[in-house]
Amino acid sequence: MLFTTTALLALDNILLGQGDRSGLLPCDVLALFVDEAHELEPTQADLAAHGLSLSTMTADVNQLAKISVSPSLKDLKQQIRQLREVLSPFADQDRLPPSVAEREKHAGWLAALGVMKLIVHSIELVGRSVKRLKANERQNHSMRSLRACQAVMKRVLTGNESSLRGVVLHSPVKGYISLTFGPASVNRHLIARWAVTPAAMFLSGSLFHMTSAGVSARFAAASLGALDRMSQTRPLHPQWLTSSPVLLQPAASTMHRFMPPSGDVTTTALEFWLENVAAVIRHAAKDAAGGMLVLMTGYERLSILERKILEGAGRALLDRVIDQSPFTGVGYCANEFRRMAKAGERPIWLATGPAWVGVDLSDRNVELAEDDRLLTDLVIPAVPFGLNRSTTHSDRLRRMGFVAEIMTTQQRLRQGIGRLVRREGLQHRRIWLLDGRLVNPATVQRFADLRVVAQQYLNQKRIDDVTLAKWVRGV
């Protein structure tokens, strides 16, 4: 019987699917226990995927321009700009290659392939040029990054792997374009695993999908290629998970102030929404018993929220804020959070990405749970729609529609809320679930499976317009 991580198992699955039995697992497995099993399919998909960011490619070219005046660099920069222009008509989450029936997009994709051929050639010339120069580590990293993009484009251009699919991605605010290419399904890797594994147990606090009628693991089992062998146990959710924290949401009179912008997001709409979120955070920070974790759905929104918080608080909160960036990472921020908490500073971590699922901010150094003040407040300004950008999820959206997004969003939301209460006996815990869509009467049916997550909590309060007005004024 073997307990293993999802990453190690996913790597071994790839070798198994290729018929290579040297493998990574240390023994012949009779029974396999997979902890954090909700991460297995996304991890398998990530390992099979290849991505490239046009803004990152431009930054790498600019870095290499500091040591080289090669004409190929100028050509490459122009070609990246041309590729961005060709891909601009594609919407966020558009699938690649487009159907022949979509004539304009199909023509645009053929044009993009033509530009990719030019980029592949230019990167080759740039690589030869840089090799003869004295590049520092940052510039060598940029060259390796461009080589990786070149390899992805070569793979796309060959078109030998029929299962390879692509997704066009736009960043929410600035519209930066990136591409991800990968399989429509990783079932072939997972089914190969179950074919040689007599028994497997999937363990996770959010593997079941919750509805008002009950819970089901069918969606998870189908994603893991195990539907025909599925046996569902009764979910174990002790009452202290939902009885110890206080859940705060907007009232009907304030829900419009907490509606996250969607569609063609304007700066004005973002500023209005995040100004109200910032007012709540500033108020919560005044009397929080310990640290605060704010889970955002992107770095651009995180940056605007940080500015809004500090604009209304002056220097009062400046030294307490930890702003996660793509360069600092979750591990660094978690260590900084613990350091500040130990110094009695009640940190406020503005987080995103892996912080939704991979952070444990409980204080195991205190014997009594009631003395744990490391993390006492969790703020979720918006439910995590759109965070799963994999090609496998894109294929599920094509087949299942919005229900696939609801299912993956509920799972991520429950994982995020799970950052707060990690053991029995905790006190002074508050969940600030601020998304106005969850209390809007017009979206009762559309978001029913997300509302059911909040309905479990026994202690609930509402933020009405009088209370919010005081908080905005700093009262």
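Here's a walk through the salt bridges in this predicted model. Residues are numbered from 1 along each chain as its sequence is written, and side-chain values use heavy atoms, with hydrogens and water left out. Because the model is predicted, local features need pLDDT of at least 70 and side-chain atom pairs count only at pLDDT 80 or more, while totals for chains, interfaces and linings use all residues.

Take a salt bridge to be a side-chain nitrogen of Lys or Arg within 4 Å of a carboxyl oxygen of Asp or Glu. By that rule you get 20 salt bridges.

Start with glutamate 41 and arginine 396, whose side chains pair up at 3.1 Å, N to O. Glutamate 41 sits in helix H2 (residues 40–48) and arginine 396 in helix H13 (residues 391–400), so this contact links distant parts of the chain, 355 residues apart (helices are DSSP runs of H or I, at least four residues, and strands are runs of E, at least two, numbered from the N terminus). Glutamate 41 is buried, at 6% relative accessible area, and arginine 396 is buried too, at 8%; buried means under 20%, exposed over 50%, partly exposed in between, with a 1.4 Å probe and protein chains only.

Next up, glutamate 275 and lysine 308 form a salt bridge at 3.6 Å, N to O. Glutamate 275 belongs to helix H10 (residues 267–287) and lysine 308 to helix H11 (residues 299–313), so the pair ties together parts 33 residues apart in sequence. Glutamate 275 is partly exposed at 26%, whereas lysine 308 is buried at 10%. Shared partners join Glu271, Glu275, Arg282, Arg307, Lys308 and Glu311 into one network.
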